[in-house]
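Please open the structure in your viewer and keep the selection tool at hand. The stops below say what to select and what is to be found there.

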Amino acid sequence: MRSSQALRSAERNSVQADVAHYWRDGFTVVRGFFSPGEISEISAALDQLQDEGVAHGRCFRHGNLFYNVAREAEGGEPLVRMVQWPSYHQPVLNWVRTDTRFAQLLEPLIGSDLKQIINQVHWKTPGSLADFAWHQDSRFRRPATAYRNLATAYVQTGLGIDPHTPESGCMRLIPGSHLRGDLAMTSSERVLGTAMNDQALEKAGFSEDDDAVDLLLDPGDLALWSPYLVHGSGTNRSAHKRRLYINGYVRATDCDRGEWAFRGGSPVPFGPEPALVHYDALRERPGPHYP
């Protein structure tokens, strides 16, 4: 459960994003969005999730909740790369996604009535299986008819839990790339687990050497980025894991899917049944299973 110290912190902190920077470059960073004490609490919750994923030993789904588990080699140890919608059963991560600081932060960008379409944790342990190829998040907004006005109604947020540096495989961004809209950076390859390919970037009209910047985060820093921003991340070559807690929000009137997060800036709890988000078979196969 959320500590009284964390509650007091939420009540006294008023946060603002650099709105001009966000619209111009497609991203911005809020330093110290969550306190060291809160990050410690979130980190412990992520350790619980990781233990659950390892115990499953392979990918596991229960409705929208999904554990992406891989192995470095045949017969190797399970490697938890991502968990989608952990907030359904992890109370600490649930209070984070509906913390009113998010509502305050996002109101100047997309208003105060917000749904949530992304709730996931990414682990990048040393090794290559957690690389992310160059991409735009817009490629995942399917079906397109359910997601409207991507450029102005959606904001991705990523909370740094560990240091994000070039050595630990921090995100690489192309500032201003969001202004060109959907660049059709689709491919037959999966984004997760695929190395950043300079040819894919050059095909879209960019150069990593000339255009890309590192997204450097300390624990507690929050990044915000556009679904049209071109980004990726490389191999973690540091001695520590690199975790990122992503929550993606949308102006409610511009999305037919997703869980409510805020109405009029006030948190909205989960309903009695999960909402349709990305898992299209939610109603046909809602129970736990190994895909």
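Which residues does His 240 touch, not counting residues up to four places away in sequence? They are Lys 124, Pro 126, Asp 162, Pro 163 and Ser 168, where contact means heavy atoms within 4.5 Å.

Two conventions apply throughout. This is a predicted model, in which local features need pLDDT of at least 70 and side-chain atom pairs count only at pLDDT 80 or more, while totals for chains, interfaces and linings use all residues. Residues are numbered from 1 along each chain as its sequence is written, and side-chain values use heavy atoms, with hydrogens and water left out.

**His 240**

Remain at His 240, which is placed in the loop between strand S11 (231–233) and strand S12 (242–251). Helices (H or I, at least four residues) and strands (E, at least two) are DSSP runs, numbered from the N terminus. With a relative accessible area of 31%, His 240 is partly exposed; buried means under 20% relative accessible area, exposed over 50%, and partly exposed in between (1.4 Å probe, protein chains only). A distance drawn from the C-alpha atom of His 240 to that of Arg 101 spans 29 Å, for two residues 139 apart along the chain.

**Helix H5**

Select Arg 101 next, one of the buried residues of helix H5 (residues 100–110). The others are Phe 102, Ala 103, Leu 105, Leu 106, Leu 109 and Ile 110. An α-helix has 3.6 residues a turn, so residues three or four places apart point the same way. At the start of H5, a side-chain oxygen of Asp 99 comes to within 2.9 Å of the backbone nitrogen of Arg 101. Past the helix, Gly 111 follows H5 and has a positive phi, near 95°.

**Strand S5**

Move on to strand S5 (residues 114–124), which contains Lys 115. Lys 115 is buried yet has no salt bridge, that is, no side-chain nitrogen of Lys or Arg within 4 Å of a carboxyl oxygen of Asp or Glu. The nearest side chain of opposite charge belongs to Asp 256, 5.9 Å away; Lys and Arg count as positive and Asp and Glu as negative, whereas His and the chain ends are not counted. The side chain of Lys 115 does reach the backbone oxygen of Cys 255, at 3.0 Å. Beyond four places in sequence, the residues that Lys 115 touches include Tyr 249, Arg 257, Glu 259 and Trp 260.

Gln 120 is also in strand S5, and its relative accessible area of 12% makes it buried. The side chains of Gln 120 and His 122 are joined by a polar contact of 2.8 Å. Such a contact is a pair of N or O atoms within 3.5 Å; within protein, one must be able to donate a hydrogen and the other to accept it, and residues adjacent in sequence count only if both atoms are side-chain atoms. Leaving aside neighbours within four places in sequence, the contacts of Gln 120 include Met 82, Trp 85, Pro 86 and Tyr 245.

**Trp 85**

From Gln 120, step to Trp 85, in the loop between strand S4 (78–84) and helix H4 (91–97). Why does Trp 85 count as buried? Its relative accessibility is 4%. Phi of Trp 85 is near 55°, a positive value in a residue other than glycine.

**Aromatic rings**

Display the rings: the structure holds 13 aromatic pairs. Rings of Phe, Tyr and Trp (its six-membered ring) pair if their centres lie within 6.5 Å; planes under 30 degrees apart count as stacked, over 60 as edge-to-face and the rest as tilted. Tyr 22 and Trp 23 form an edge-to-face pair, 5.1 Å centre to centre with 75° between the planes. Tyr 22 is buried at 1% relative accessibility, whereas Trp 23 is partly exposed at 33%. Then select Phe 33, Phe 34, Trp 95, Phe 102, Tyr 249 and Phe 262 together, as they form one aromatic cluster.

Two arginines come next. The charged end of Arg 97 sits over the ring of Phe 270, 3.9 Å from its centre, and that of Arg 263 sits over the ring of Trp 260, 3.9 Å from its centre. The criterion is NZ of Lys or CZ of Arg within 6 Å of the ring centre and within 35 degrees of the ring normal.

**Strand S6 and the loop after it**

Finish at His 135 in strand S6, buried with a relative accessible area of 4%. The side chain of His 135 makes a polar contact with that of Asp 137 (3.2 Å). In the loop between strand S6 (132–135) and helix H6 (150–153) lies Pro 143, joined to Arg 142 by a cis peptide bond with omega about 0°.
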